[in-house]
Amino acid sequence: MDIKALIREVPDFPKPGISFKDITTLLGNAEGLQYAIATLADHCADLAPDYVAGMESRGFIFGTALACKMGVGFVPIRKLGKLPAAVHTIEYDLEYGTDKLEIHQDAYPAGSKVLMVDDLIATGGTAGAAAKLIQQAGGTLVGCAFVIELKDLNGRQHLPNVPVIALVQY
Ligand SMILES: O=P(O)(O)OC[C@H]1O[C@H](OP(=O)(O)OP(=O)(O)O)[C@H](O)[C@@H]1O
Ligand SMILES: Nc1ncnc2[nH]cnc12
């Protein structure tokens with residue numbers, strides 16, 4: 001199945017010069033969505049995670065579906081101020097300025113094997129910060145999975161030395 005053909009490219013969104021990779025067209029296609037989740041699950045099976053963690057908000061969509069498919073629990077990594085119990089917080093760089101991500105301190109037992117999932121890796125700022133948070137919360141990061149990788153931005157440089165899986169690259 002050609003997943004790339006199901007991802008819409010929207011030029012100049014959210015600002016001039018950005019080619020936005022719109023996953024809503026993939027989500028709306030039943031066979032495409034099932035294929036994307038099944039393929040991620042196949043590629044990640046050997047990592048044998050205890051949990052899947054996904055970043056707000058598009059990472060929730062693929063992360064929750066993948067956790068279900070793999071038969072493990074899902075852990076949300078949220079933007080600042082959304083999680084109700086005690087959290088770990090990390091600040092990370094955006095193209096302009098900074099943002100913060102949080103994870104619950106008791107999201108999983110210490111030493112749990114955690115697979116990180118997001119829809120897309122661009123500069124790697126978000127994924128690099130989430131990887132650190134997963135470890136701060138006592139998890140062992142076993143891999144990172146993305147539907148889309150924007151290769152020229154070399155976001156992988158911000159990830160620790162674990163397997164990185166991407167279904168499609170631009
Ligand atoms: O590699 P980076 O340069 O950090 O960019 C990738 C991140 O950007 C998008 O999320 P966004 O922050 O736009 O939030 P959203 O999922 O709520 O749309 C995407 O879902 C990734 O999480
Ligand atoms: N080009 C892009 N398309 C969709 N989401 C993104 N997040 C960061 N860069 C993006």
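**Ligand 1 and its pocket**

In this predicted model, 13 residues surround ligand 1, and those that come nearest are S57, D118, D119, T123 and T126.

Reader: Happy to dig in! What makes D118 a polar contact of ligand 1?

Author: A polar contact needs a pair of N or O atoms within 3.5 Å. An N or O atom in the D118 side chain is 2.5 Å from an oxygen atom of ligand 1, so the pair meets that cut-off. T123 also has a polar side-chain atom 2.5 Å from an oxygen atom of the ligand, and for T126 the distance is 2.6 Å. As for cover, ligand 1 taken alone exposes 500 Å², and the protein buries 75% of that.

Reader: Nice. Why is ligand 1 said to sit in the largest pocket?

Author: The test is that more than half of a molecule's atoms lie within 2 Å of the pocket's grid points. Ligand 1 is assigned to the largest pocket, so it passes that test. The pocket itself has a volume of about 1,000 Å³. Of its 34 lining residues, F20, R58, L120, A122 and T126 are the closest to its centre.

Reader: Which element gives the most to the shell around ligand 1?

Author: That would be strand 7, with four residues. Strand 7 also supplies the largest share of the pocket lining, four residues.

Reader: And what makes five residues of the shell count as charged?

Author: Asp, Glu, Lys and Arg count as charged, so the five charged residues of the shell are drawn from those types. The rest of the shell is three nonpolar and five polar residues.

Methods. Residues are numbered from 1 along each chain as its sequence is written. Chains are lettered from A and ligands numbered from 1 in the order in which they are written. This is a predicted model: local features need pLDDT of at least 70, side-chain atom pairs count only at pLDDT 80 or more; totals for chains, interfaces and linings use all residues. Side-chain values use heavy atoms; hydrogens and water are left out. On a 1 Å grid over the protein atoms alone, a cavity is a set of points where a 1.4 Å probe fits but cannot get out, and a pocket is an open set with protein on both sides within 12 Å along at least five of seven lines; lining residues have an atom within 4 Å of a point. Grid points are joined across faces, edges and corners, and a volume is the space filled by probe spheres set on the points. Helices (H or I, at least four residues) and strands (E, at least two) are DSSP runs, numbered from the N terminus. A residue is near a molecule or strand if one of its heavy atoms lies within 4 Å of it. A polar contact is a pair of N or O atoms within 3.5 Å; within protein, one must be able to donate a hydrogen and the other to accept it, and residues adjacent in sequence count only if both atoms are side-chain atoms. Accessible areas come from the Shrake-Rupley method with a 1.4 Å probe; for residues, only the protein chains shown count as cover.
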